[in-house]
Amino acid sequence: MTPQQSLKREIAALQHELRRVNDAIERNRTPDVEHRARLLRDNIVLCERDLKRLASTLQSAGN
């Protein structure tokens, strides 16, 4: 599996978990669940940033 594929899988898994946490927030809003949602959103942003950086590096290497 390439690093890009790995990051895409990680992003998908984080987004899936975020949907579950958001559902939990709708049912029972607690500081713990809201904190978990923030952490997941932050991790998604970091993975997306890494994916863009990797794609840019690969594109530069290919040129």
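Start with the charges: in this predicted model, the chain carries 12 positive and 9 negative charges, and the mean positions of the two sets sit 4 Å apart. Side chains of opposite charge can pair when their charged atoms come close. Here, the structure holds four salt bridges, and several of them are walked through below.

The backdrop for these pairs is a simple one, with two helices and zero strands in the chain. Helix 1 covers residues 3–27, and helix 2 takes in residues 31–62. As for overall shape, the C-alpha atoms fill a box of roughly 50 × 20 × 10 Å along the principal axes. The radius of gyration comes out at 15 Å, whereas a compact globule of 63 residues would have one near 11 Å. Of the contacts with a separation of 6 or more, 57% are between residues 24 or more positions apart.

Back to the charged side chains, beginning in helix 1. Glutamate 17 forms a salt bridge with arginine 20, and the closest N and O atoms of this pair are 3.9 Å apart. Both partners belong to helix 1, where three residues, or about one turn of the helix, separate them. Arginine 20 is out in the open, as its relative accessible area is 52% and anything over 50% counts as exposed.

Glutamate 17 has another partner too, since its side chain also meets that of arginine 36 in a salt bridge, this time at 3.1 Å from N to O. This pair links distant parts of the chain: glutamate 17 sits in helix 1, arginine 36 sits in helix 2, and their positions lie 19 residues apart in sequence. Arginine 36 is partly exposed, with a relative accessible area of 39%.

Helix 2 has a pair of its own. Aspartate 50 and arginine 53 meet through their side chains in a salt bridge of 3.4 Å, N to O. Three residues apart, about one turn of the helix, both of them lie in helix 2. Aspartate 50 counts as partly exposed at 34% relative accessibility, and arginine 53 is put in the partly exposed class at 48%. Looking at shared partners, salt bridges join Glu17, Arg20 and Arg36 into one network.

What about the surface and the interior? About 4,900 Å² of the chain is exposed, with carbon and sulfur atoms supplying 49% of that area. Buried residues make up 19% of the 63 residues. Alanine 37, placed in helix 2, is one of the buried residues, because its relative accessibility is 0% and the cut-off for buried is under 20%. Setting aside neighbours within four places in sequence, alanine 37 is in contact with Leu18, Val21, Asn22 and Ile25. Those four partners carry numbers that fall within residues 3–27, the span of helix 1.

Two alanines make a handy contrast here. Alanine 13 lies in helix 1 and is partly exposed, with a relative accessible area of 42%, whereas alanine 37 is buried at 0%.

Some distances help to give a feel for how the chain is laid out. From alanine 37 to arginine 53 is 16 residues along the chain, and their C-alpha atoms are separated by 24 Å. Alanine 13 and glycine 62 are 49 residues apart in sequence, and the C-alpha to C-alpha distance between them is 29 Å.

How values were computed: Residues are numbered from 1 along each chain as its sequence is written. This is a predicted model: local features need pLDDT of at least 70, side-chain atom pairs count only at pLDDT 80 or more; totals for chains, interfaces and linings use all residues. Side-chain values use heavy atoms; hydrogens and water are left out. The radius of gyration is taken over C-alpha atoms; the globule rule is 2.2 Å times the number of residues to the power 0.38. Buried means under 20% relative accessible area, exposed over 50%, partly exposed in between (1.4 Å probe, protein chains only). Contact means heavy atoms within 4.5 Å. Accessible areas come from the Shrake-Rupley method with a 1.4 Å probe; for residues, only the protein chains shown count as cover. Lys and Arg count as positive and Asp and Glu as negative; His and the chain ends are not counted. The place of a charge is taken as NZ of Lys, CZ of Arg, CG of Asp or CD of Glu.
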